Amino acid sequence: MTQKATNFEFTSYKFEPSKRSVVFNYKTEFEDNDPLFFTENIILPESKNSNPISEKLLEKILSSLHIIIGISYYKLYYATKVSHPYNFSKDESKFWNTIYKKGLGEFLYKNKLDPKNSPSFSFNINAKPVNYKINNKNKRFLVGIGGGKDSIVSAELLKNNGQDITGLYVKTGKGSEIIDSVIEKIDINQLKIERHLDWQIHQEHLYKGHIPVSAIYAFLGIFLSVIYDYSGLIVSNEHSSNFGNINYKGLNINHQWSKSFEFENLFQNYVKEFISPDLTYFSLLRLFYEIRIVKIFSQMKKYFPYFSSCNNNFKVNSVSQSLWCKNCPKCVFAFTMLSAFLTKNELVKIFGRNLYQDKSLLPLFKDILGLGEMKPFDCVGTFEESQEAMKLAEKKFKNHFIIKTLSKKIKSHPETLLVQNESHIPEDLKFLGMENALILGYGKEGKVTERYLKKFYRDLKVSIADEKKDKNYLKNQPNFDILIKTPGIRKEEVKINYTTASNIFFSKVKGKNTIIGVTGSKGKSTTSSLIFKILKQDGKNVELLGNIGKPMLERLLTPVSKDTIFVLELSSYQLDDIKFSPDIAVLTSLFEEHMDFHGNKKNYYKAKKNIINFQGKDNFFVYNPKSKDSLKWLSDYNGKDIAFDSNLIFKTKLLGEHNKENIRASISVAKILNVSDKSIVKAIENFNGLPHRLELIGKFKGVSFYDDAISTTPESTIKAIESLKNVNTIFLGGQDRGYNFSNLEKTIKKYKIKNIVLFPDSGSKIIKNKKYFNIFETKSMQEAVKFAYKNTVQGDICLLSCASPSYSIWKNFEEKGDQFKKFVLKYSK
């Protein structure tokens, strides 16, 4: 048939839940002939876990399925135009244009069609993206099972990790006994969805060729996730699928495009933007080349008699007498990969014969090794990993024909055994399949991380890299599969796949327990501690973790009850590469800090904003309405914004307006959680504050000594001066981070502070005009306190509030404050 198709129409669909049936209808129109009509019927599996969903969400998923399934019928005549009844936005249209162009790349190449003529889906310029909330009852996943080694590896890794998984099997035509037996061997539940193709698809048409079938399976998996209450679909696509076969008319042609990371990105974004942000789609094996997956599979010997990667076993209505045809690129590639890790006997038992001795297969071996004309249009890996596998097998098979003929023409590529960087694997699953891990930084959090990994990943070899032990501690990263970065190390220093303790904690707790996260340039410790006290006062099961002292992962070493509320103090270091946001986010204050770490104010503010960047519509952002920088965050915020409470009257022992703001923030959080006013007021009245935060050490020899060692920026020291007012002596200086001290100097003059102690390195830069001050420069806290006793006017205050970090002299602000207290008490008598 040679008639020219003028239009392909996505005419209609019909969903009949009682029959578990969805029918999709299509029409191809021609220039001089009657139209052709096509119908595909999807039969859903039986399940007791059906989930009530909104009509609009159902329409969105079914319309998406209508478009993707239509690709099987569109390709038969490659119409010059497509038409559909849907109100697509511009971005939806762009998505479908890409799917129909890149997904049909091999089809275009083999049929000598120009990619420039790929279809363009119409859109409504006024249409807005809409997605829908789904309340997943349980965290459980569908896992695509195809009968080959990759999906077996994924299922085993997930099952052994205790994940709740169900195998998804898409049955087309007569089905596959191989897939049935593999699922039975994995010993997991399965959902089998049936595709009944239109009978005409097997007839002769103008064109034939490859379609992005993995894209169809992806949409089917998301459909079943919605109606049967799953969190999403996990697939088993490897890093190798990212590499194409050939460039054709400006288009990179990739047989495995719908398995590639490019497609995974596109599809995941489509699902989150147009279907639901609560659904996920990712490949568990994305970080591995195929050779690394085969290395893992080689230990799963119980599957050797059952699995197959040969496509002849999975063609629609095909009949095969063997698991392996032993005459296709997939068989040759699988044999080569497995030869690197199995004995001769094991290999021959799987395939039925030794393919390295088959001279007729030499062209196929050349093709997969990169010694032929081009990479085969099949699901095979890269040339480099094929060469590496053959090099690893060389000694075992050195006298075999294929090895003798080709071994001198290939090179070893050990890099293909390394873990790659790009993936959408959730943080709690990132350790699956990993052999070793490196903890970068061995402070308090690093030590707890080591305990956590050794408890829950006993087969993982854990190593430590710390600057105190080795100045070149960053150089060994490439030798490890995964890295766990501690907060004090900049993310730019990390060169391999990594996670953090904060991300691990959130991944395990988020959605199960309520999380309150508190950040801010100053005030976060006081606020998080007060929130904790208020909730405790109200009888709630609450725990305080994070930057305030107790590492989050330490809490996961023992079971966590469902009613536990976590209050987390989160620093900019922890937030810089966080991938989650708390249910309730609190921003106490925002001004320039930690410039040595973040580089500039923009990066610092960006890190802080991550506390709300991953929130949903049902989450809360508690902010200070007096802060212009906080108000800016509201412009693109999608959750529920709550200003600091200004209605409840309270009494407090805390000094300063800034502490009153911290209290108001805490009240707002308490009210979100329906805490009674009585509990709130009582907790505030009993709250004594935290050490080193405008802490009154005592009044000695007529002088009141205040420890505000926590104040390590000019802004926070200004707040302290304003809170106390009658300061006569102040201790300033420490590590030089290039702060602008001009406003601090003005404040010191405004409040007529006479006596000033200046510590190095920044002390000499704080007061530019020293004419009217009694200045004492020292690096000794003991001498500084002596100076204060000698010079401070009785009835006035001596304040330790250095406006700079402590590290030039002290280990931290706590050590600085403790020294101050020690010498104040020593010379008080």
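**Exercise 1. Find the side chain that shares a polar contact with Asn25, and say how far apart the two are.**

Step 1: Asn25 sits in strand E2, residues 21-30. Strands here are DSSP runs of E with at least two residues, helices are runs of H or I with at least four, and both are numbered from the N terminus.

Step 2: The side chain of Asn25 meets that of Thr39 in a polar contact of 3.0 Å. A polar contact is a pair of N or O atoms within 3.5 Å; within protein, one atom must be able to donate a hydrogen and the other to accept it, and residues adjacent in sequence count only if both atoms are side-chain atoms.

Step 3: Now look around. Setting aside neighbours within four places in sequence, Asn25 is in contact with Glu9, Phe10, Thr11, Ser12, Phe38, Thr39 and His66. Contact means heavy atoms within 4.5 Å.

A word on what you're looking at: this is a predicted model, where local features need pLDDT of at least 70 and side-chain atom pairs count only at pLDDT 80 or more, while totals for chains, interfaces and linings use all residues. Residues are numbered from 1 along each chain as its sequence is written, and side-chain values use heavy atoms, with hydrogens and water left out.

**Exercise 2. Work out how the rings of Phe8 and Tyr74 are arranged.**

Step 1: Start with the rule. Rings of Phe, Tyr and Trp (its six-membered ring) pair if their centres lie within 6.5 Å; planes under 30 degrees apart count as stacked, over 60 as edge-to-face and the rest as tilted. The count by this rule is 59 aromatic pairs.

Step 2: For Phe8 and Tyr74, the ring centres are 5.7 Å apart and the planes stand at 80 degrees, so this pair is edge-to-face.

Step 3: The pair ties together distant parts of the chain, with Phe8 in strand E1 (residues 5-16) and Tyr74 in helix H2 (residues 71-74), 66 residues apart.

Step 4: Check the cover. Phe8 is buried at a relative accessible area of 0%, and Tyr74 is buried too, at 1%. Buried means under 20% relative accessible area, exposed over 50%, and partly exposed in between (1.4 Å probe, protein chains only).

Step 5: Both rings belong to a cluster linked by ring pairs, whose members include Phe10, Tyr26, Phe38 and Phe121.

**Exercise 3. Describe the open sheet that contains E13 and E15.**

Step 1: The sheet has 4 strands in the order E13-E12-E14-E15, and the pairing is parallel. Two strands pair if DSSP finds at least two bridges between them.

Step 2: Strand E13 (461-465) and strand E15 (498-500) are at the edges; each has a single partner strand, so one side of each has no neighbour in the sheet.

Step 3: From one strand to the next, the twist averages 25 degrees. Axes are lines fitted to C-alpha atoms, for helices over the stretch in contact, and angles run from 0 to 180 degrees between N-to-C directions.

Step 4: Zoom in on E14 (residues 482-485), which 3 bridges join to E15. Ile484 has Thr499 as its bridge partner in E15.

Step 5: Helix H16 (residues 501-509) lies across E14 and E15, at about 75 degrees to E15.

**Exercise 4. Is Ser528 buried or exposed?**

Step 1: Locate Ser528 in helix H17, residues 524-537.

Step 2: With a relative accessible area of 0%, Ser528 is buried.

Step 3: A polar atom of the Ser528 side chain lies 3.1 Å from the backbone oxygen of Ser525. Apart from neighbours within four places in sequence, Ser528 has contacts with Val518, Leu544, Ile548, Val567 and Glu569.

Step 4: H17 also helps to cover the buried residues of helix H24, as does helix H23 (657-672). Those residues of H24 (677-686) are Ser679, Ile680, Val681, Ala683 and Ile684.

**Exercise 5. Compare the settings of two lysines with positive phi, Lys326 and Lys701.**

Step 1: Phi is about 65 degrees in Lys326 and near 55 degrees in Lys701.

Step 2: Lys326 is in the loop between helix H9 (290-297) and helix H10 (329-339), while Lys701 is in the loop between strand E22 (695-700) and strand E23 (703-707).

Step 3: Lys326 counts as buried at 14% relative accessibility, whereas Lys701, at 48%, counts as partly exposed.
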